[in-house]
Amino acid sequence: MKSMSFAGAATLALLLHTAPVLAESDHAGHAKHDEVFTTGEPGDAKKPAKIVQITMTEANGKMLFTPAKIEVRKGDQVKFVLRNGGELEHEFVLGTTEENLKHAVSMSKNPDMEHDDPNAAKLAPKMTGEIVWKFSKAGEFEYACLIPGYREAGMVGNVVVK
C-alpha cells in the first residue's frame with residue numbers, strides 16, 4: 001500500500017473539513033442569516049404583529065395549508081402561528097416560487113436536511129411553531145412544504161404583499 005504524501009493528506013483534510021460548508025451552499029431557498037431575503041426580513045418578536053394562523057394537514061391524498069392564500073401590506077410584520085394538524089411531518093418555507101422550487105430539488109437529494117433559517121419551520125405531527133416575518137418588499141411570494149412529494153401533492157400557499 002502506498003503512503004500518502006503530506007500534501008495529499010493536507011488536501012484530504014481540507015476537503016473533509018469543508019464538505020459540510022459545500023453541502024450548505026446547495027441549500028437554495030434558505031438565505032443564510034447574513035444574506036438578504038427576497039420576501040422581506042426576519043421580524044422582531046417584541047414588536048406588534050398581525051397574527052396569521054396556518055394549519056398543515058393531509059387528507060384524501062392531498063397535502064394542504066389552510067389558508068392557502070393571505071394578503072398583507074408592505075411593511076407589515078406577521079406572526080405566523082403554525083400548527084401541524086396532520087399525521088405526518090410538515091414544513092413551512094417562505095420564499096419566492098423560484099427559490100422554493102430550487103430548494104425542493106436540494107431536498108429531494110437530501111430529504112433529512114435540517115433547517116435553521118428564520119423563514120422556515122419543520123413541525124412534527126400535532127406540534128406548533130411560530131415565524132415572525134416583516135414583509136418589507138411588495139410582490140407575490142409563497143409558503144410551501146418542500147419535503148419530497150408534498151408540494152406536488154398541493155402543499156403550497158400564496159402571500160400577496162401590496
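In which sense do S6 and S9 pair, and over how many bridges? In this predicted model, the two strands run antiparallel to each other and are joined by 3 bridges. One residue on the S6 side is Gly-95, whose bridge partner in S9 is Glu-142. S6 also has a second partner: 4 bridges join S6 to strand S7, residues 120–123, again in an antiparallel arrangement. Within that pairing, Val-93 has Ala-120 of S7 as its bridge partner.

The surroundings of S6 can be described face by face. The strand is mostly covered, with 6 of its 6 residues buried. On one side stand His-90, Phe-92 and Leu-94, and on the other Glu-91, Val-93 and Gly-95; both faces are covered.

His-90 deserves a separate description. This residue belongs to strand S6, which spans residues 90–95. Because its relative accessible area is 0%, and buried means under 20%, His-90 counts as buried. The side chain of His-90 makes a polar contact of 2.6 Å with the side chain of Glu-58. Leaving aside residues up to four places away in sequence, His-90 touches a set of residues that includes Met-56, Thr-57, Glu-58 and Met-63, together with Ala-121, Lys-122 and Leu-123, and also Cys-145, Ile-147, Tyr-150 and Met-155.

Another part of the architecture is an open sheet of 5 strands, ordered S1-S8-S5-S2-S3 and mixed in its pairing. Strand S1 (41–42) and strand S3 (62–66) stand at the edges, each with a single partner strand, so one side of each has no neighbour in the sheet. Elsewhere in this order, strand S2 (residues 50–59) pairs with strand S5 (residues 77–84) in the parallel sense over 7 bridges. Val-52, for example, has Phe-80 of S5 as its bridge partner.

The final stop is Lys-137, located in the loop between strand S8 (128–134) and strand S9 (139–144). Is this residue buried or partly exposed? Its relative accessible area is 29%, so Lys-137 is partly exposed. The side chain of Lys-137 reaches the backbone oxygen of Phe-37 at 2.7 Å. Beyond residues up to four places away in sequence, Lys-137 touches Val-36, Phe-37, Thr-38, Gly-40, Lys-74 and Val-161. As for Lys-74, the two lysines are separated by 63 residues in sequence, while their C-alpha atoms are 5.9 Å apart in space.

Key: Residues numbered from 1 in each chain as written. Predicted model: local features only at pLDDT ≥ 70, side-chain atom pairs only at ≥ 80, totals over all residues. Heavy atoms only, no water. Buried < 20%, exposed > 50% of the residue type's maximum accessible area, 1.4 Å probe, protein only. Polar contact = N/O pair within 3.5 Å; in protein donor to acceptor, adjacent residues only side chain to side chain. Contact = heavy atoms within 4.5 Å. Pairing = 2+ DSSP bridges.
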